[in-house]
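Visitor: I have just started learning to read protein structures, and I would like to ask how the words people use are justified. Could you show me one and take me through it?

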Amino acid sequence: MNDPQFVASDAARPRTAPADGPGTGPPTLSRATVLLLAVVCGAAVANIYYAQPLMPVISRALGVSQGAGGLVITVSQVGYALSLALLVPLGDVLERRRLVTVLLGLSALALLGAAASPSLGLLLAAIAVVGATSAVAQIVVPMAASLAPDHQRGSAVGTVMSGLLIGIMVARTVAGVLAQIGDWQLVFVFAAVLMAALAVTLRLVLRPVPRPESSTYRQLLRSVLALVRGESLLRRRMALAAVGMGCFTVLWTASSFLLAGPPYEFGPAVIGLFGLAGVVGAAAAARAGRLADRGHGRRVTTGGLVLLAVSWPVLAIAGVGGPSGLIALTVGIIVLNLAQQSLLISHQSAIYRRAPHARSRVTTALMVSAFAGATVASALTAALYQFVGWPGVCGLGLVIALAGAGIWILELVHPSPAEPPAAPSAAVRHPVGAGRVSSCREEVGRA
């Protein structure tokens with residue numbers, strides 16, 4: 001099935017509009033367009049992280065306990081998770097430019113609603129919509145992969161994913177600065193204006209991106225499960241995504257406890273600055289996409305898992321305090337974020353190449369698995385920290401990283417099919433028959 005994609009900016013407009021089929025490819029994606037998509041991705045996902053450093057302020061302003069105010073974060077995460085499972089697959093059956101701009105517009109309205117909320121109940125309702133619409137970030141990533149030609153796809157995905165992780169890291173700092181200048185409502189007003197501006201810009205810059213598939217919504221959701229059942233590569237990459245995001249969550253959940261207590265006893269503003277070290281790691285990981293474009297995707301995965309494991313002994317030194325502890329923490333944050341981002345880029349490059357007709361759906365499977373890993377890791381870290389402290393949670397992180405290494409060794413010993421790609425539309429036409437998916441794959445292989 002042809003999957004025609006277009007770049008809208010006049011500077012990058014192709015001479016022809018080739019289809020995504022044998023012997024052809026999408027037009028080259030301009031650097032400016034890739035950077036715009038990265039900004040959209042980072043700004044969208046940042047919406048669910050702005051509230052984290054604002055909880056004490058919001059709780060006092062609304063006259064509720066900090067425990068009740070903490071529901072703001074929980075509700076945003078639940079909305080995001082549900083949207084990953086139920087909304088992101090629509091990127092394979094709806095015109096993507098329209099879908100992305102509509103979701104950005106709805107996010108802007110929800111953010112304004114959050115800023116104007118006079119009570120916790122109304123704030124939670126608005127934040128739930130913010131969380132759901134923020135999953136647009138996971139529609140932008142496969143859209144960038146579809147817009148980019150084969151030789152540029154890994155680099156484009158790497159840049160956009162770096163934007164996503166940078167958005168997560170910077171959100172806390174931005175929220176703290178704006179709240180210091182004004183109040184907590186200013187943070188949500190700023191985010192709303194940014195969402196509206198990006199929606200208008202995308203509408204002007206991108207041409208319509210035709211839908212890759214034609215299917216009912218029920219078939220679409222069932223086909224996600226069929227893809228998971230029929231693709232061992234996807235299943236293993238899902239497991240590795242859970243490992244990487246689990247390690248990422250252990251670090252950022254426990255580091256706030258470490259820095260707030262002895263021997264550091266830093267305030268929230270200083271703790272938020274350590275997110276900038278994560279930005280360094282995320283930016284450095286953009287090279288992973290270029291390596292994947294050159295056929296080194298497996299080396300990127302191997303290197304990422306090695307760095308993930310190595311980061312934990314380094315981070316453990318942070319528990320001693322003093323300058324050496326701060327240096328170890330900073331280096332460990334950079335290395336772990338570099339590893340996590342490189343792994344995520346390699347996972348997406350592999351599954352997008354394997355199922356080019358279903359990029360939004362395999363993104364759904366990958367990110368739901370990653371989110372599940374993050375949720376479990378966060379719960380374990382919060383429960384264990386009071387008993388085992390920083391050294392204990394560093395041990396937990398190392399165990400998770402080594403589990404990922406074991407999964408990858410299995411992949412190296414018994415490789416999953418990676419090329420040629422799965423047959424277009426197979427998962428939608430036979431959504432509950434994994435065997436039919438495999439049969440179509442074998443036919444493509446013979447071809």
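Guide: Gladly! Helices and strands here are DSSP runs, with at least four residues for a helix and at least two for a strand. Counted that way, this chain has 19 helices and zero strands. Keep in mind that the model is predicted.

Visitor: How much of the chain counts as buried, and what makes a residue buried?

Guide: Buried means under 20% relative accessible area. Of the 447 residues in the chain, 56% meet that description.

Visitor: Why is Ala358 called buried?

Guide: Its relative accessible area is 0%, which is under 20%, so Ala358 counts as buried. You will find Ala358 in the loop between α16 and α17. Leaving aside residues up to four places away in sequence, Ala358 touches Asp92 and Leu227. The C-alpha atoms of Ala358 and Leu220 are separated by 9.8 Å, although these residues are 138 residues apart along the chain.

Visitor: Leu220 and Leu227 belong to which helix, and are they buried or exposed there?

Guide: Both are in α10, and both are buried, as are Ser223, Val224, Ala226, Val228 and Gly230 of that helix.

Visitor: How do you know that the length of α10 fits what is expected of a helix?

Guide: Helix α10 covers residues 217-230, which makes 14 residues. The expected span is 1.5 Å times one less than the number of residues, and here that comes to 20 Å. From first C-alpha to last, α10 reaches 20 Å, close to the expected value.

Visitor: What makes Glu231 and Arg354 a salt bridge?

Guide: A side-chain nitrogen of Lys or Arg has to be within 4 Å of a carboxyl oxygen of Asp or Glu. For Glu231 and Arg354 the N to O distance is 3.0 Å, so the pair qualifies as a salt bridge. Glu231 lies in the loop between α10 and α11 while Arg354 is in helix α16, so the pair ties together parts that are 123 residues apart in sequence. Glu231 counts as buried because its relative accessibility is 4%, and Arg354 counts as buried because its own is 3%.

Visitor: How many salt bridges are there in the whole structure?

Guide: The search finds three. Glu411 pairs with Arg236 at 2.7 Å, N to O. That pair links helix α17 (residues 359-413), which holds Glu411, to helix α11, which holds Arg236, 175 residues apart. Glu411 also forms a salt bridge with Arg298, again with the closest N and O atoms 2.7 Å apart. Here Glu411 in helix α17 is linked to Arg298 in helix α15 (residues 297-316), 113 residues apart. Arg236, Arg298 and Glu411 are therefore linked in a network of salt bridges.

Visitor: Why is Arg298 called partly exposed, and Glu411 buried?

Guide: Partly exposed is the range between under 20% and over 50%. Arg298 has 32% relative accessibility, so it belongs in that range. Glu411 has 2%, so it counts as buried.

Visitor: What lines the largest cavity, and how many of its residues are nonpolar?

Guide: The lining is made of Leu164, Leu165, Ile168, Met245, Phe248, Gln340, Gln341 and Leu344. Leu, Ile, Met and Phe count as nonpolar, while Gln falls among the polar ones. The lining therefore has six nonpolar, two polar and no charged residues. Helices α8 (150-181), α11 (232-260) and α16 (322-354) each supply at least two of the lining residues. The volume of this cavity is about 50 Å³.

Definitions and conventions. Residues are numbered from 1 along each chain as its sequence is written. This is a predicted model: local features need pLDDT of at least 70, side-chain atom pairs count only at pLDDT 80 or more; totals for chains, interfaces and linings use all residues. Side-chain values use heavy atoms; hydrogens and water are left out. On a 1 Å grid over the protein atoms alone, a cavity is a set of points where a 1.4 Å probe fits but cannot get out, and a pocket is an open set with protein on both sides within 12 Å along at least five of seven lines; lining residues have an atom within 4 Å of a point. Grid points are joined across faces, edges and corners, and a volume is the space filled by probe spheres set on the points. Buried means under 20% relative accessible area, exposed over 50%, partly exposed in between (1.4 Å probe, protein chains only). Contact means heavy atoms within 4.5 Å.
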